[in-house]
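This tour proceeds by selection: at each stop, highlight the named residues in the viewer and read what is found there. Please open the structure and colour it by chain before starting.

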Amino acid sequence: MTKITFDSVQTGQELAPFTKKVNQEIFWKYAVASFDYNPVHNDPEWVKTAQPFKVPYTVAHGMMTMSFMTSVVTNWAYPNMLRIRKITSKFTLPVAPGWTVKCTGVISEKHVISKGKNYVVVDLKAENQEGALLGVGEIEVVFPD
Amino acid sequence: MSRINFERFFKTEKQKEFSTDFFMDAEDYEVWNEIDFANLEEVDGERTFEIKAEDIKAYAEGCLDDNPFMTDEEYAKKSPYKGLIAHPLFVTPIIFYCVGKKGRGNWIRTPGARNPGQEIEIYDPFRVGEVIHIRLRPYDRYIKRGKYYLRYKIDMYNQQNIKKATCISTLILPPTREDMRKFLKGQRGLTD
């Protein structure tokens, strides 16, 4: 694999997407993995009446959507020894069981500082199978060169 | 709350001993309108998190990521990382585990809480063998479009007191204890 250098990346470059279909069992597994047992993600009976998101069904953990978006970048960064420094996200639509979550990333900024401090910003978005926007994010990735 | 069988998904020792019932201790949770913002003193989390290989692998699997740097110990050992490297969002189980049931920050467990988005800075990736402790304090509290937001700053350190990450943890909460109690009864405790 050709090693990625700071000079070699360009704004507008797209990273490989990260796409997963989710369901209630995946929500449960994520609850266990994250220790987040909020019933809005886990309890279909409770949520029918409690409806924090004004919908009578469970929704995915926001941190799972954020993890999916981040995986777009780790799949690119980790093999190339790049350092992920800052991650921000905003969730725009709760993810329902049965949806497919497709996360995509584009290098939007290239910060030319100095060796070891040069970094790029990757703009991320998560959409469902109908193209509805589920969330957006930004990740700063520092290059060693 | 209906009984969900989470046990069939447990993979790690911490998962087996962590309580899955966020309702049980809800009366001890910090509530949006009761938090004392005159006291911004930083406090420790209720407990520490000793990172084991099973923890890093379990989180990657939980977010459906089969990246071998996070899941394959032999592969990661032969890589320049010399061992497993955690998914950046590994801060999530660390925070929930370390905050615990009764400590400051336990509002993150509030039934009815909604996640609007988050902010995380990673200074150094989490590695097997590190023992993480957190220090946290109130950061901001505001109302926007009828929703009640609470933010805490959570810093994470390893056993050598090297800062590993900072999270500005934000949730939209039921604003009062009475609103939270409605959620405990399965009612909607919000008006937005």
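Begin by selecting residues 24–34 of chain A, helix α1(A). In this predicted model, the buried residues of α1(A) are F27(A), W28(A), K29(A), Y30(A), A31(A), V32(A), A33(A) and S34(A). The helix is therefore mostly covered, with 8 of its 11 residues buried, where a residue counts as buried if 20 or more other C-beta atoms lie within 10 Å of its own. What do the buried residues of α1(A) pack against? Within chain A they meet α2 and α4, and from chain B they meet α1 (13–17), α2 (53–62) and α5 (91–99). Add F35(A) to the selection: just after α1(A), this residue takes a positive phi of about 65°.

**The side of chain A that touches chain B**

Next, display both chains together. Here 42 residues of chain A are in contact with 45 residues of chain B. On the side of chain A that touches chain B, α1, α2 (39–42), α3 (44–50), α4 and β2 (83–91) each supply at least two residues. Which element of chain A gives the most to this side? Select α4(A), which contributes 10 residues. Colouring this side of chain A by residue type shows 21 nonpolar, 13 polar and 8 charged residues.

Now select β2(A) together with strand β3 of chain B, residues 119–122. These two strands pair in the antiparallel sense over 3 bridges. Within this pairing, K86(A) stands opposite E121(B).

**The nonpolar core**

In soluble globular proteins, nonpolar side chains tend to be buried together. The largest nonpolar core of this model has 91 residues. To find it, select V141(A), C63(B), V91(B), I94(B) and I95(B), the residues with the most contacts inside this core. Helix α4 of chain A, residues 62–77, gives the most to the core, with 8 residues. Centre the view on V91(B): leaving aside residues up to four places away in sequence, V91(B) touches I120(B), M156(B), A165(B) and C167(B).

**Paired strands in chain A**

Select β3(A), residues 100–111, and β4(A), residues 119–127. The two run antiparallel and are joined by 9 bridges, and I107(A) stands opposite V122(A). Then add β5(A), residues 133–142, which is joined to β4(A) by 9 bridges, again in an antiparallel arrangement. Across β4(A) and β5(A), K125(A) stands opposite V136(A). These two strands form a hairpin with 5 residues between them, and G131(A) in the turn has a positive phi of about 85°.

**Helix α6 of chain B**

Move to residues 177–184 of chain B, where α6(B) has the buried residues D179(B), M180(B), F183(B) and L184(B). Why do they lie on the same side of α6(B)? They cover an arc of only 155° around the axis, which puts them on the same side of the helix. Their cover includes α3 of chain A. Just after α6(B), G186(B) has a positive phi of about 85°.

**Chain B as a whole**

Finally, show chain B alone. Its secondary structure comes to 6 helices and 6 strands, which follow the sequence in the pattern α-β-β-α-α-α-α-β-β-β-β-α. The radius of gyration of chain B is 18 Å, close to the 16 Å given by the globule rule for 192 residues, so the chain is as compact as a globular protein of that length. The C-alpha trace of chain B spans about 55 × 40 × 30 Å along its principal axes. Of the 192 residues of chain B, 41% count as buried.

Terms used. Residues are numbered from 1 along each chain as its sequence is written. Chains are lettered from A and ligands numbered from 1 in the order in which they are written. This is a predicted model: local features need pLDDT of at least 70, side-chain atom pairs count only at pLDDT 80 or more; totals for chains, interfaces and linings use all residues. A nonpolar core is a set of buried Ala, Val, Leu, Ile, Met, Phe, Trp, Tyr and Cys residues joined through C-beta atoms within 7 Å. A residue is buried if 20 or more other C-beta atoms lie within 10 Å of its own, exposed if 12 or fewer, and partly exposed in between; C-beta atoms are placed from the backbone. Helices (H or I, at least four residues) and strands (E, at least two) are DSSP runs, numbered from the N terminus. Two residues are in contact if their C-beta atoms, placed from the backbone, lie within 7 Å. Ala, Val, Leu, Ile, Met, Phe, Trp, Tyr, Cys and Pro count as nonpolar, Asp, Glu, Lys and Arg as charged, and the others, Gly among them, as polar. Two strands pair if DSSP finds at least two bridges between them. The arc is that of the directions from the helix axis to the C-beta atoms. The radius of gyration is taken over C-alpha atoms; the globule rule is 2.2 Å times the number of residues to the power 0.38.
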